[in-house]
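Trainee: Could you give me a close look at the inside of this protein, and show me how it fits with the rest? I am new to this, so please explain the terms as you go.

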Amino acid sequence: MNVLLESKDVCKYFGGLKAVQKVNMRVRQGDVFGIIGPNGAGKTTFFNLCSGIYSPTSGQILFEGEDISHLRPEDIAKRGIARTFQNIQLFKFMTVLDNVKIGFHLSTRTNMLDAMLHTRRYRQDEEMIQTQGRRILEKVGLAEYASLPAGNLPYGIQRKVEIARALALEPKMILLDEPAAGMNPMETDSLRQFILQLNQEGYTIVVIEHDMKFVMNSCSRILVLNFGEKIFEGTPEQVRSDPGVNEAYFGKSGYWKEAQEDAEG
Ligand SMILES: Nc1ncnc2c1ncn2[C@@H]1O[C@H](COP(=O)(O)OP(=O)(O)OP(=O)(O)O)[C@@H](O)[C@H]1O
Ligand SMILES: [Mg+2]
């Protein structure tokens with residue numbers, strides 16, 4: 001299958017801190033690709049590199065074979081990579097629909113002057129965005145929340161609104177940074193089904209997640225990071241049985257055993 005996203009010896013240093021150290025990985029089209037690793041392993045930094053928030057200290061990130069390492073976030077988004085954030089980034093006082101509509105701004109032609117003068121172009125774009133925003137909310141099952149302020153909604157719903165906004169970019173790939181964080185088991189389960197549904201519709205997904213049940217049951221491949229370095233990449237079965245991963249990462253803390261039980265339960 002096609003490789004969509006690839007990192008080659010990617011490093012990101014903050015002063016002396018090696019947050020990401022020579023990471024090589026490949027996400028193929030159609031993957032649900034998981035990234036796991038302890039706190040501070042470099043997972044979010046890696047997403048920040050893939051989405052243009054940071055430029056790598058060295059190494060390259062390729063999307064559809066082209067070097068995107070030093071592109072601006074909006075240019076990377078235009079090429080087809082959308083993301084959500086570890087800490088929900090919604091405009092709390094704006095409605096759900098308005099939050100999703102923001103996601104469209106990259107694809108419209110209107111500028112500030114159009115908006116101020118309410119030009120025809122502005123009105124046409126506004127109408128188009130309104131319709132598409134509603135369509136996306138329908139699609140993700142959030143239509144009933146369209147006119148409610150985003151900040152008052154349950155956590156699980158807010159997470160979905162963020163994903164809906166990412167979809168508004170019409171991306172090929174969606175990066176999700178701990179989408180299940182803070183969710184109860186029912187919300188997590190519903191989110192997992194939602195993500196798998198998006199994947200079946202053709203979106204390639206890269207997901208950072210601590211919830212092992214989520215990762216082991218939903219991902220086709222998994223990258224394991226530890227202290228900025230890749231310690232393993234493979235299928236859930238391979239990750240589960242790799243002695244290196246067990247030893248270096250999970251074994252000592254007993255975390256892995258607990259995680260395995262969680263994943264099975
Ligand atoms: N902008 C920054 N400036 C300095 N250090 C940073 C910066 N961003 C991240 N770091 C450091 O880089 C390391 C990796 O952080 P990162 O947030 O990528 O980890 P993570 O794997 O996402 O962790 P968590 O599971 O807690 O979200 C940490 O030591 C963090 O303190
Ligand atoms: Mg993080």
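Mentor: Happy to! Let's begin with the overall picture: the protein has eleven helices and ten strands, where helices (H or I, at least four residues) and strands (E, at least two) are DSSP runs numbered from the N terminus. This is a predicted model, in which local features need pLDDT of at least 70 and side-chain atom pairs count only at pLDDT 80 or more, while totals for chains, interfaces and linings use all residues. Residues are numbered from 1 along each chain as its sequence is written, and chains are lettered from A and ligands numbered from 1 in the order in which they are written.

The C-alpha atoms of the protein fill a box of roughly 65 × 40 × 35 Å along the principal axes. The radius of gyration, taken over C-alpha atoms, is 19 Å, which agrees with the value near 18 Å for a compact globule of 265 residues; the globule rule is 2.2 Å times the number of residues to the power 0.38.

Now let's go inside. Of the 265 residues, 40% are buried. A residue is buried if 20 or more other C-beta atoms lie within 10 Å of its own, exposed if 12 or fewer, and partly exposed in between, with C-beta atoms placed from the backbone. The largest nonpolar core has 66 residues, and Ala164 and Ile205 touch the most other members. Such a core is a set of buried Ala, Val, Leu, Ile, Met, Phe, Trp, Tyr and Cys residues joined through C-beta atoms within 7 Å. In soluble globular proteins, nonpolar side chains tend to be buried together.

Take Ile205 as your guide. Beyond its neighbours within four places in sequence, Ile205 is in contact with Val32, Phe33, Ile174, Leu176, Ile195, Leu198 and Asn199; contact here means C-beta atoms, placed from the backbone, within 7 Å. One of those partners, Leu176, is found in strand E7. Leu176 counts as buried because 26 other C-beta atoms lie within 10 Å. Setting aside neighbours within four places in sequence, Leu176 is in contact with Thr84, Ile205, Val207 and Ile208. The C-alpha atoms of Leu176 and Arg83 are separated by 5.8 Å, although these residues are 93 apart along the chain. Across the whole protein, residues 24 or more positions apart account for 67% of the contacts with a separation of 6 or more.

Just past this strand sits Glu178, in the loop between strand E7 (173–177) and H7. Glu178 counts as buried because it has 20 C-beta neighbours inside 10 Å. Glu178 also has a positive phi of about 50 degrees although it is not a glycine. Most residues other than glycine have a negative phi. Asp9, in strand E1 (residues 3–14), likewise has a positive phi, near 50 degrees, but Asp9 is exposed, with 12 other C-beta atoms within 10 Å.

How does the core relate to the domains? The domain assignment, which is automatic or from a database, gives domain 1 (1–80 + 171–265) and domain 2 (93–169). The core draws at least three residues from each of domain 1 and domain 2. The two domain centres, taken over C-alpha atoms, are 27 Å apart. Twelve residues of domain 1 are in contact with seven residues of domain 2. On the domain 1 side, helix H2 (73–79) and helix H7 (185–200) are the elements that give two or more residues, and H7 has the largest share with four. By class, this side has seven nonpolar, two polar and three charged residues. In this scheme Ala, Val, Leu, Ile, Met, Phe, Trp, Tyr, Cys and Pro count as nonpolar, Asp, Glu, Lys and Arg as charged, and the others, Gly among them, as polar.

Helix H2 also holds Glu74, which is exposed because it has 12 C-beta neighbours inside 10 Å. The C-alpha atoms of Glu74 and Ser241 are separated by 40 Å.

Finally, look at ligand 1. Its shell includes Phe14, Leu17, Lys43 and Gln86, where a residue belongs if its C-beta atom, placed from the backbone, lies within 6 Å. Strand E2 (17–28) and helix H1 (43–50) each supply at least two shell residues, and H1 gives the largest share, three residues. The shell divides into four nonpolar, seven polar and one charged residue.

Note on methods. Two residues are in contact if their C-beta atoms, placed from the backbone, lie within 7 Å.
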